[in-house]
Structure formats: C-alpha cells, structure tokens
Amino acid sequence: MALHQEYDFVIVGAGSAGCVLAHRLSADPEIRVLLLEAGPRDAHPLIHIPVGNSRIIPKPRFNWQYETEPQPHLDGRRILWPRGKMLGGSSSINGMVYIRGHARDYDLWRQQGLAGWSFADVLPYFKRAEGNVRGADAFHGADGPLTVSNAAHDHVLFDAFVAAGTEAGYPANPDFNGPEQEGFGRYQFNIRNGRRWSAAAAYLKPVLGRRNLTVVTGALTERVLFEGEQAIGVRYRRDGRTHDVRAAREVILSGGAVNSPQLLMLSGIGPADELKEVGIAPRLDRPEVGRNLQDHLCVHTVHASKTTTLTDRLVRTEHGAVSIARAFLTRSGPAAGFPLEGGAFIRTSDSLEMPDVQFHFSAGNLLSLIRRPFAGHSQDHTRPDAFMCHACQLRPESRGAIRLRSADPADAPAIGPDYLSTDGDRRTLREGFKAMRDVMHQPSLARLSDGEIWPDDAPRTDAEIDAFIRATGGTVYHPVGTCRMGADDGAVVDGNLRVKGVAGLRVVDASVMPTLVGGNTHAPTVMIAEKASDMILDRAAPEPELYA
C-alpha cells in the first residue's frame, strides 16, 4: 500500500479533544501532526457570539444534525442530536457551561480498575487546561488556554433563583467546581471578552502557524488503514478525491461519542455479526464498540415573567440583529453572554452521597430562540417574556448503542440511547421534575412569575408527570461511553486509551468515559485530552493532588 504523505500522528476530529491534542503534540517541532476535520473552519462570525449558536445549529454545514431512532420510552419520538461539524466541534455550538462533574465520578473510575483516573489524578489536568478569571487555588488553574469566566448578566431572576433554592432547603454554592458540588449558584462559562472560547479558539488558533502542524478541513475520514494488527494511517475523502496518509507513530480518533465508534466499525473493529450485515469484513470482533451509550435526558418548565427577561431584550427590545451587532462591535449586551447562567446540583434522596439531578436556569426563554431564531412575541410556552429551568438526571442507568446503517461513511449511524429504559431512571427524573417545580414556586421566584405556562396542563400525579416527561423530554447533548475505557477484557480501550487488540490506535474523546459524569461534558473531555497527550508522548503524569 503506497501512502504518499506521512506524519507522526494523525488525529481524526477537531473537536474538544482533537484541538487539545493538536496543540500539545505539535509543541515539539520535530513531531509532525495532521489534524483532519470533516466540517469547515469556524470562520462564520456568529459562531463566536455566545448566543449565535441559535442561528448556527440549524445549518447542516456546521452541524451533523443527527437524530435518534424512535425512542420507545419517549412516546416513540425521534430526538434531535446536534453535534458540531467544524473546527472546535461541539464546543463551537454548545452552551459553554464549565463543569467538571463530581470528584466521586472519577474515584469510581479508579475503583473500576482504571489506575491514574481518580479525581486526585485528573485534578492537575483540569488545572493545567484552565484559565480561571478568579485566579489559581487548590482547585483551579489561572494560566491554562481554556478561559473560564464568571456569568455575564446581572439580572434579578438569577438572584431570585438562588434565593428560591435556599428557601426550598438547599445550600448556596459559589463554585460548583470547588470543594463541594451540591447547591444553588451561578455557572462559569468558556467565554472570553464577550466571545465564545471554544477548544478551537483556546487550543488550535494560537498554534496554526506551526510548520509541523497541518490542519485539513472538509475531510471525511472513511476508515483506518492497517498492516496486520498495526494501524498505519487513514483514508479520507475531500473534494471528491480520496487520500491515504500514513501515521508513523499513531492514529488517534477524536470524533466523539458518535463518530469515533462509527469509524472503528467502518474499519472492521466492532460487533462482527453486525459488521457483516452491512457488508464490512470484520478485522477484530469487539462487541462493545458503539455500546454503553449514555446521555443526559432533561425536562423543563416555563413561567411567564413579570420582569423583562434576557430573551425579551434579545427578541423585542433589540430585535435580534441589534443585539448581535452590539455583541460583535462592543462585546456587550444580552448576546455577549449566555442566558443559562443559573445552576444547581441536588440530591433527590437524603440517602445519596452526591447529587443525582442538575438544574439549568435561564433568565429568559431559550425556546423563543430555538423555535425560530429571534422570533417575535407569542403567547404560548415559546414566548420570550418568560423564564425557564431544565432538570436532568446526572447518572442514568439506561444504556444505548451506536450502530452502522451501511458501509458508507457518509451515512449517519443509527443512534439508540434507549432513554428511560429503567424504573430507576424514570423515578429519578420524576423526582427531579418535582424538585425543580417546587423551587420555581418558592417566594423569591413566585413574586416575579406571572404563572407557570409549561407544562400547561399542570400534571401533579406521578402518572401525569411521567406522561409529560415521555411527551416532552429531550437531550442536554452530553453523549458519552461508546468506546468504553476499562481494565476488563470487554472494554474497547485500556486505561491509556489504546484500542485493545490492535497497535498504533487510540481513542481520545468523550466516548472513552466508562460512565457519564455528573455535569456538562466539555471540560472533562478537555481534561481527557490533556492527560492523553502525556500518555501519547510517554511523559510522566503530574503528582496526584489530594483534596478535602
């Protein structure tokens, strides 16, 4: 096999993990790195305006626009699964919330036999990545590429949300990434000076001038190339032409929880019987490739507001385009931050040792942007003069799968999360919904509310709540687990993220998480890539940092 271009490392996918790896691996000028991305560059100006994602997400140029198979426990509905398709990947379209998850999440990974993955082990990598505006301390870094900033909006509804949480009996928490996660407070964001600070902005853009780093966009990787059991490169298609490139040291898959298992299966690594069904000759029978899919399912409530909301300002006061122009020119105004600034982590039972439900609270109605970007006033639950809250279950028991539809790399895979397939998941989300609703009716928020408008039929019984969740529940866009890391024989990758059964091939992205962490997944994915860069270059890990 003649491969005319050779690099030391070929990275597939320029998302949250791929950008980190490109930055860290190319820091040595003697190491040649190729970064392949199926989407375009992130040149569209709305990508970098914090609320601009409402206009970017509908564009297939920037979004894979996946959807799930009909979900049996969600009234047979298909759930939209937007995933970023550009430099920065999903970090270029996400809500930018910076959350690491609970320390216990990583300690549980260590207890599963994954040495080096306890919270004490990964904390130095979180800190290495982080440039927190609050400064450095035992839990935070201040000098890393990934800017972490405070909430941008000073709005009475956010203060009321935290006060309502304390009125409902929960603690206030000034730092969800500090010593304790539980409580009510304000999120921090990956926003820098009024601009989205994606993985591409933080890690890739500053090093694009390196001569040893090549970035190719519009490149759909079709399969990994092998000689025997050794991965030697990849084949990708760009502008109608096929290119084969060699990786002298390693091929690294960073396509995320959908695309990384898809590419493994297209390359003959996966459940052998399923591969044969779509005409792919199995190279390695790995039944768990694509399995173990986990995601955060959420349900929300909406209240009409007695006070002007952030989406009021976006939609009605400044008429959308004015807000965008103001954010672009002055880095200020309602479009220069993200409305989903209120946060909480709660336990639905006192018997639990850590929170099992997360709230995202907005001092505006995001549905007024998603329904039709910058739509005019309406009287239904998508109206802009409203505020809303989401509740999601943090550690679902349900497990789904990614499967190939065909051997064509351009065909979207079948996505089957199997949401709410266990009694435990249904019970937890039901109790989370009740707790959210209780908070939204506490005095501090009630005085600013003009009434609950979603759910509009006011379900109260468990059966009615379950029916509402089945009819309206949706994703928080945190899929993980489909190339599970583990010490057992069934795991797809080992604790060093090497694909088991072959050489020269790793997976570095959210797909390697054995279990979903209790929070948003961008920051943990960046951490995984930071840690992987040391593994790949055979550098010693930093000393574990003990915490109280």
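In this predicted model, the side chain of Ser398 comes to 3.0 Å from the backbone nitrogen of Ser421. Ser398 also makes a polar contact of 2.5 Å with Asp425, this time side chain to side chain. To find Ser398, look at the loop that runs between strand 19 (386-393) and strand 20 (401-403). Is Ser398 buried or exposed? Its relative accessible area is 5%, so Ser398 is buried. Leaving aside residues up to four places away in sequence, the residues that touch Ser398 include Leu293 and Gln294, as well as Asp418, Tyr419, Leu420 and Thr422. Ser421 and Asp425, the partners named above, are also among the residues touched by Ser398.

A second residue to look at is Lys500. Lys500 sits in the loop between strand 23 (474-475) and strand 24 (505-507). Lys500 is buried, yet it has no salt bridge. Which side chain of opposite charge is nearest to Lys500? That side chain belongs to Asp488, and it is 5.3 Å away. A salt bridge requires a distance within 4 Å, so this pair does not count as one. The side chain of Lys500 does, however, reach the backbone oxygen of Asp488, at 2.4 Å. With residues up to four places away in sequence again left out, Lys500 touches Leu284 and Arg286, among others. Its contacts also include Gly486, Ala487, Asp488 and Asp489, along with Ala491, Val492, Val493 and Asp494.

Next come the cysteines. A disulfide is a covalent bond between the sulfur atoms of two cysteines. How many disulfides does a search of the whole structure find? The search finds zero. Cys298, for instance, is in no disulfide, and the nearest cysteine sulfur, that of Cys392, lies 6.8 Å away. Cys298 counts as buried because its relative accessibility is 7%. Why does Cys389 have no bond to Cys298? The sulfur of Cys298 is the closest cysteine sulfur to that of Cys389, but the distance is 10.0 Å, which is too far for a bond. Cys389 is buried as well, since its relative accessible area is 1%.

Last, consider the confidence of the prediction. The mean pLDDT of the chain is 95, and 97% of the residues reach 70 or more. Where does pLDDT stay under 50? It does so over residues 372-377. The model has 19 contacts beyond four places in sequence for this stretch. Where pLDDT is low, the predicted coordinates should not be read in detail.

Terms used:
Residues numbered from 1 in each chain as written. Predicted model: local features only at pLDDT ≥ 70, side-chain atom pairs only at ≥ 80, totals over all residues. Heavy atoms only, no water. pLDDT = per-residue confidence, 0-100. Contact = heavy atoms within 4.5 Å. Helix = DSSP H or I, 4+ residues; strand = E, 2+ residues; numbered from the N terminus. Buried < 20%, exposed > 50% of the residue type's maximum accessible area, 1.4 Å probe, protein only. Polar contact = N/O pair within 3.5 Å; in protein donor to acceptor, adjacent residues only side chain to side chain. Lys, Arg positive; Asp, Glu negative; His and termini not counted. Disulfide = S-S within 2.5 Å.
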